[in-house]
Amino acid sequence: EKKLKNHGVKIYTSSKLKNIKLENNHIKSIILEKDNAEVEINSLEYLHWSVSPLALQKYFGFDFDKRKYDKPLNQKYVFILLKSPPKMGELYYFYSLEPETKIYRVTNYSSYCPDAIRKEKNQFYGTIPICIEMHYYQEFPKDKKVLVDCVNEIIRFGIIDREDQIVYSSVVSAGGVPILTNRNCEILKNATNQVEKLNIKNLILAGQSPEKGIFFLNDVLSYVHYNILKFKNKIF
């Protein structure tokens, strides 16, 4: 974050997109709401939209009936600090497709960014952060149960050997992960088509497109890098 700010990048957290202003098939500006005040960002070259196109409905007015969308899975994040590196080799993250498990994805931040290892001179100095995403199909359990499930499974998976490798843990509720039912895929496809029909020249949809086989994070990153950003830079 510090490096980005040093390069002139402005970062807005704890804020909400309130409005998108269109003019001559271009997004002229966006308005954010932050701390009960409005912030308008002008002179946009591009707006990269990395979340669902369904979220654009309120700004562009296309049709979408939320009642038809199949409910996402209950999702919890478990953030853990370890005394020693997880047994994941050079993997930044992996997905679990094992039956009868709650783990969906395990992320080892320090494999991607070595500076993620804690350097503050306190009780967490030298610890390694990982994140475990847990999915629950029916129940929405208490945090204590989620943590127990998580620890048991990462030991069973061989990510850590013993529970005493964990120095710190925290369970956080997430908004839920979308599921790839036929109906949801069709709704997302229709939403994308409705946005594209608006022919907005400087809007780049850079999120999931299940109908194109773009769903997992690596799919999204590869598609955006090779098929959108390079193309746009070459043309414009």
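## Charges, fold and an aromatic cluster

The protein chain carries 35 positive and 27 negative side chains, and the centres of these two sets lie 3 Å apart. The model shown here is a predicted one, and every value below was computed from it.

In outline, the secondary structure of the protein chain amounts to six helices and 10 strands, while the C-alpha atoms, taken along the principal axes, fill a box of roughly 60 × 45 × 40 Å. Of the 236 residues of the protein chain, 36% count as buried, and the surface that the chain exposes comes to about 15400 Å², with carbon and sulfur atoms supplying 51% of it. Among the contacts between residues at least 6 apart in sequence, 61% join residues that are at least 24 apart.

With this outline in place, the aromatic side chains offer a way into the detail. The structure holds eight aromatic pairs, and one of these is formed by Tyr95 and Phe216, whose rings are tilted at 55 degrees between the planes and lie 4.6 Å from centre to centre. Because Tyr95 belongs to strand β6 (residues 93-95), whereas Phe216 sits in the loop between β10 (203-205) and α6 (217-235), the pair ties together parts that are 121 residues apart in sequence.

Both partners can also be described by their accessibility: Tyr95 is partly exposed, with a relative accessible area of 22%, and Phe216, at 31% relative accessibility, likewise counts as partly exposed. Phe216 takes part in a further aromatic pair with Phe215, and this pair is edge-to-face, with 5.3 Å from centre to centre and 80 degrees between the planes. Phe215 has a relative accessibility of 11%, and since the cut-off for a buried residue is under 20%, Phe215 counts as buried.

These three residues belong to a wider group, for Tyr95, Phe215 and Phe216 form one aromatic cluster together with Tyr92, Tyr93, Tyr104 and Tyr112. A charged side chain also meets a member of this cluster, as Arg105 lies over the face of Tyr93, at 5.6 Å from the ring centre. A reader following the cluster through the model can thus begin at Tyr95 in strand β6, pass to its tilted partner Phe216, continue to Phe215 through the edge-to-face pair, and then look to Tyr93, with Arg105 over its face.

Methods:
Residues are numbered from 1 along each chain as its sequence is written. This is a predicted model: local features need pLDDT of at least 70, side-chain atom pairs count only at pLDDT 80 or more; totals for chains, interfaces and linings use all residues. Side-chain values use heavy atoms; hydrogens and water are left out. Rings of Phe, Tyr and Trp (its six-membered ring) pair if their centres lie within 6.5 Å; planes under 30 degrees apart count as stacked, over 60 as edge-to-face and the rest as tilted. Helices (H or I, at least four residues) and strands (E, at least two) are DSSP runs, numbered from the N terminus. Buried means under 20% relative accessible area, exposed over 50%, partly exposed in between (1.4 Å probe, protein chains only). A charge sits over a ring if NZ of Lys or CZ of Arg is within 6 Å of the ring centre and within 35 degrees of the ring normal. Contact means heavy atoms within 4.5 Å. Accessible areas come from the Shrake-Rupley method with a 1.4 Å probe; for residues, only the protein chains shown count as cover. Lys and Arg count as positive and Asp and Glu as negative; His and the chain ends are not counted. The place of a charge is taken as NZ of Lys, CZ of Arg, CG of Asp or CD of Glu.
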